[in-house]
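Colleague: Before I rely on this model, I should like to ask how its descriptive terms are justified. May we go through them one at a time?

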Amino acid sequence: MTGPAKGRNAAGAEIGRELVIDGRAGMDPSGSEDARRQFRSSLGQFATGVTCMTTLSPNREPTGITVSSFNSLSLAPPLILWSIAGNSTSFAGFQVDDPFAVNVLSADQEDLATKFARPASDKFSGVKVHDGLSGVPLLVGCVVYFECVVAARYPGGDHDIIVGSVRRIFNIGKTPLLFHGGALRTFG
Ligand SMILES: Cc1cc2nc3c(=O)[nH]c(=O)nc-3n(C[C@H](O)[C@H](O)[C@H](O)COP(=O)(O)O)c2cc1C
C-alpha cells in the first residue's frame, strides 16, 4: 500500500495519479478503511449495466436484489455469473438448482434499481411482473431477461459467486441503465 504517490512503471514512467494497492508488499489491501474506500472507488471505474436478480423464496415469496456484478461466463454451455454479498438478506436464497431470472434494467428503470438495492419485505409492491419459468417474477420493461437455474455456488471472500445455467432468453432490445463511479447513469 502506498500513499498518494505517483505510480510509475518499471522504466520510471508515470502511469497514474495514485498507486493505491501494491500486492508486492504482501499486505492485505483491504487492511484499512481508506484502502477499502479506494479499492471500491477503483472498481467503480469499471462501467457496467444494472440487473435485478429475481427468484422465489422457499415459501414462494418474490425476492429480488439489484446487482452489477453480472457477467457472461460460457457460450456452450450457456452460463452466466454474478456475486451476492454475505450480508444480503437474499444470501440464503439462490441455492443450487433454484430457478432465478436476470432482469437487465432499462434506462427508464432507475426507480427499480434503487428499490431493489434496499433490504425490504415489500420490494415487489406496485411492481409489474410477468410470470417466468417456475413462477419466477420477471420485471416488466427490461432490456433482456435470462431465465436461469443456479448451476453452482462458490465462496469468494465476503461474497458468494453464483453460476447460472441459462434456460430461456427474451431479448427486448431497449436502451440499458448504466452504473459507473458509484452512480446510476444513462448513455449521452
Ligand atoms: C448499482 C448497484 C449494484 C449492486 N450490485 C450488487 C452485487 O453485484 N452484489 C450484491 O450482493 N449487492 C449488490 N448491490 C447491493 C444490493 O443491491 C443491496 O445490498 C440490497 O440491499 C440487497 O438487498 P437484500 O439485502 O434484500 O438482498 C448493488 C447495489 C447497486 C445500487
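Modeller: Certainly. A strand here is a DSSP run of type E with at least two residues, numbered from the N terminus. β5 (62-67) and β7 (79-85) each supply at least two residues of the shell around the ligand. Please bear in mind that the model is predicted.

Colleague: What makes a residue part of the shell around the ligand, and how many residues surround the ligand?

Modeller: A residue is near the ligand if its C-beta atom, placed from the backbone, lies within 6 Å of it. The ligand is surrounded by 18 residues, and the closest are Ser68, Ser69, Ala85, Ser88 and Ser90. With four residues, β7 gives the most to this shell.

Colleague: Which classes of residue make up the shell around the ligand?

Modeller: The shell has 10 nonpolar, seven polar and one charged residues. Gly is counted among the polar residues in this scheme.

Colleague: What makes a set of residues a nonpolar core?

Modeller: The members must be buried residues of the listed nonpolar types, joined through C-beta atoms within 7 Å. The largest such core has 27 residues, of which Cys52, Met53, Ala101, Val102 and Leu105 touch the most other members. Two or more residues come from each of β4 (51-56), β5, β7, β8 (99-104), β10 (137-139) and β11 (144-156). The most, four residues, come from β8.

Colleague: Why is β8 called mostly covered?

Modeller: A residue is buried if 20 or more other C-beta atoms lie within 10 Å of its own. Five of the six residues in β8 are buried, so the strand is described as mostly covered. For the protein chain, buried residues make up 23% of the 188 residues.

Colleague: Which residues is Cys52 in contact with, leaving aside its neighbours within four places in sequence?

Modeller: Contact requires C-beta atoms within 7 Å. On that basis Cys52 is in contact with Gly64, Ile65, Thr66, Asn103, Leu105, Leu112, Phe116 and Leu139. Asn103 in β8 also stands opposite Cys52.

Colleague: How do you know that β4 pairs with β5 and with β8?

Modeller: Two strands pair if DSSP finds at least two bridges between them. Six bridges join β4 to β5, so these antiparallel strands satisfy the requirement. Within that pair, Thr54 stands opposite Gly64 in β5. Between β4 and β8 there are four bridges, again in the antiparallel sense, and therefore they pair as well. β8 is also joined to β11 by six antiparallel bridges, and Val104 has Val144 in β11 as its bridge partner.

Colleague: Which strands form the open sheet of seven, and what makes two of them edge strands?

Modeller: The order is β5-β4-β8-β11-β12-β7-β6, with antiparallel pairing. β5 and β6 (71-74) are the edge strands, as each pairs on one side only. From one strand to the next, the twist averages 35°.

Colleague: How do you know that β13 (residues 178-180) and β14 pair?

Modeller: Three bridges connect β13 and β14 in the antiparallel sense, and the requirement is at least two, so they pair. Phe179 stands opposite Leu184 in β14. They belong to an open, antiparallel sheet of three strands in the order β3-β13-β14, whose edge strands are β3 (48-49) and β14 (183-185).

Colleague: How many helices and strands does the protein chain have?

Modeller: The protein chain has two helices and 14 strands. Among its contacts between residues at least 6 apart in sequence, 60% join residues at least 24 apart.

Key. Residues numbered from 1 in each chain as written. Predicted model: local features only at pLDDT ≥ 70, side-chain atom pairs only at ≥ 80, totals over all residues. Buried ≥ 20, exposed ≤ 12 C-beta atoms within 10 Å, placed from the backbone. Contact = placed C-beta atoms within 7 Å. Axes fitted to C-alpha atoms, helices over the stretch in contact; angles between N-to-C directions.
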